[in-house]
Amino acid sequence: MLEQNRAPKTRGFYVRMKLQNRKYGRTQDKSSFYTYCKWVLWLSLTLYFFSSYLISNHPNQNKPTTSLSKTHFSTLPSRALFESVIDNTTTALLKNKELFKGLKVFVYDLPAKYNTDWLSNDRCRTHLFAAEVAIHRAILTSDFSTSDPSQADFFFVPVYVSCNFSTVNGFPAIGHASTLIASSVQLIRTRYPFWDRNQGSDHVFVATHDFGSCFHTMENVAIADGVPDFLKKSIVLQTFGVKHKHPCQEVENVVIPPYVSPESVLETLENAPADGRRDIFAFFRGKMEVHPKNVSGRYYSKRVRTNIWRKYNGDRRFYLQRRRFKGYQSEIVRSVFCLCPLGWAPWSPRLVESVALGCVPVIIADGIRLPFDDVVPWAEISLTVAEKDVGKLGTILEHVASTNLSAIQKNIWDPRVRRALLFHDLVQPGDATWQVLSALENKLARSYRRGSVSSE
């Protein structure tokens, strides 16, 4: 706007100069004409660059716009906002030897049958359990990794147990998990002295499936099996976590987010409606049994999803779909509220996808422990609805939409929140692997090396 207002003023000045010259009877020769043209061109370019500078540095230029609950608009982040730009300051931060108190991790070089052989299936890198792959890759290529085990605070055991996909339903089959991990422990005990000196208390494993370190998809069996004895003194990074006592978290653990590809999130944001409009009020796509089956005395989702379907199927405010759709992230980015009910386990990738795509997650899973809850302000970016209150869901969401929806949406678009829930191939400051390292820093008392140094 500034440029458009100034350009006519410049032309007017040139016209006045010509009229003044006529008044005094001076004849304009060609050289004078060219001089004026050059002068006008110079002035125009000066105004153009000056106005561009003012616009790009306007104090309100980067001020985020809050969403309007009634019209359901939401500000979409630009590519630059979403991506973590590794500048000189960040590079210096990554190489700061005092970061995380100088923490170092030794990554065992295990035979390919424990990890990389599984990557022959591309899904192993991208499905919801793929954090085991992402964490391995990120730590191994980071400055926090050491090739000298005598300098290590922690020992990472890279075993991929979630990539054995069933030929029947396509879901990961983890019946082999406990045996495979036990085999890896026996191998490192044979080759290295580090496990036996403190029974593996400074060794780190990843368990990204339904009930974490219990290694079974059905809760009753998982509870009966419990955490394998050989793991009970180690550290487990797991997606499962609840606030109450549970056999599957009777081990030193860190609750991590399920894997969601940052590339898929970025692609979805780039293809989202340009005006940021969210035309779906409440969204859920996933398994919802019309007639729930009793499986060993348990019902899928404790019948919560069934109740949602029965109550709100046909309600124009709710967009509910029972069939899978590969591009369902394109529906999340158009939604105001995204329902995140429990399945067999309390957690799901919808938690991460909703936050990453600016949809308010509605968590319906009593007692769930959320990933990195000491860093991610879940109370400010989500809603929690008790399982028994799903019948009131419509009323609850309408109330939030008319009161504090804009504030919640503004909090969700804080790039630090999104970054903390996404894993990248290379560690980025604040991302999910970074949060894992931060959690390990808080467990340095378990480090044999630190204990040895302090006792000297």
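## Charges over rings

Let's start with a charge meeting a ring: Arg 322 places its charged end over the ring of Trp 309, at 5.5 Å from the ring centre. A second case involves Lys 287, whose charged end sits over the ring of Tyr 300, 4.3 Å from its centre. Please keep in mind that this is a predicted model.

## The sheet and its edges

Now to the strands. Five of them form an open sheet in the order 9-6-10-11-12, and the pairing is parallel. Strand 9 (318-321) and strand 12 (383-384) are the edge strands; each has a single partner strand, so one side of each is left without a neighbour in the sheet.

At one of these edges, strand 6 (residues 280-285) runs parallel to strand 9, and four bridges join the two. Within this pairing, Phe 284 stands opposite Leu 320 in strand 9.

## Helices on the sheet

Helix 14 (residues 393-402) lies across strand 6, strand 9, strand 10 (335-341), strand 11 (360-364) and strand 12. Its direction makes about 140° with strand 10. Helix 15 (residues 405-412) also packs on the sheet, where it touches strand 10, strand 11 and strand 12. The angle between the directions of helix 15 and strand 11 is about 100°.

## Aromatic pairs

If you enjoy ring geometry, there is plenty to look at: the whole structure holds 17 aromatic pairs. One of them joins Phe 129 and Trp 347 edge-to-face, with 5.9 Å centre to centre and 75° between the planes. Phe 129 belongs to the loop between helix 5 (123-126) and helix 6 (131-140), while Trp 347 belongs to the loop between strand 10 and helix 12 (350-356), so the pair ties together parts that are 218 residues apart in sequence. Both Phe 129 and Trp 347 are buried.

Phe 283 and Tyr 319 make a stacked pair, 5.9 Å centre to centre with 20° between the planes. This pair links distant parts of the chain, with Phe 283 in strand 6 and Tyr 319 in strand 9, 36 residues apart. Is each partner buried or partly exposed? Phe 283 has a relative accessible area of 3%, so this residue counts as buried. Tyr 319 is at 30% relative accessibility and therefore counts as partly exposed.

## An aromatic cluster

One more group is worth displaying in your viewer. Phe 106, Tyr 108, Phe 155, Tyr 192 and Phe 194 come together as one aromatic cluster.

Terms used. Residues numbered from 1 in each chain as written. Predicted model: local features only at pLDDT ≥ 70, side-chain atom pairs only at ≥ 80, totals over all residues. Heavy atoms only, no water. Pairing = 2+ DSSP bridges. Contact = heavy atoms within 4.5 Å. Axes fitted to C-alpha atoms, helices over the stretch in contact; angles between N-to-C directions. Phe/Tyr/Trp six-rings, centres within 6.5 Å; stacked < 30°, edge-to-face > 60°. Buried < 20%, exposed > 50% of the residue type's maximum accessible area, 1.4 Å probe, protein only. Lys NZ or Arg CZ within 6 Å of the ring centre and 35° of its normal.
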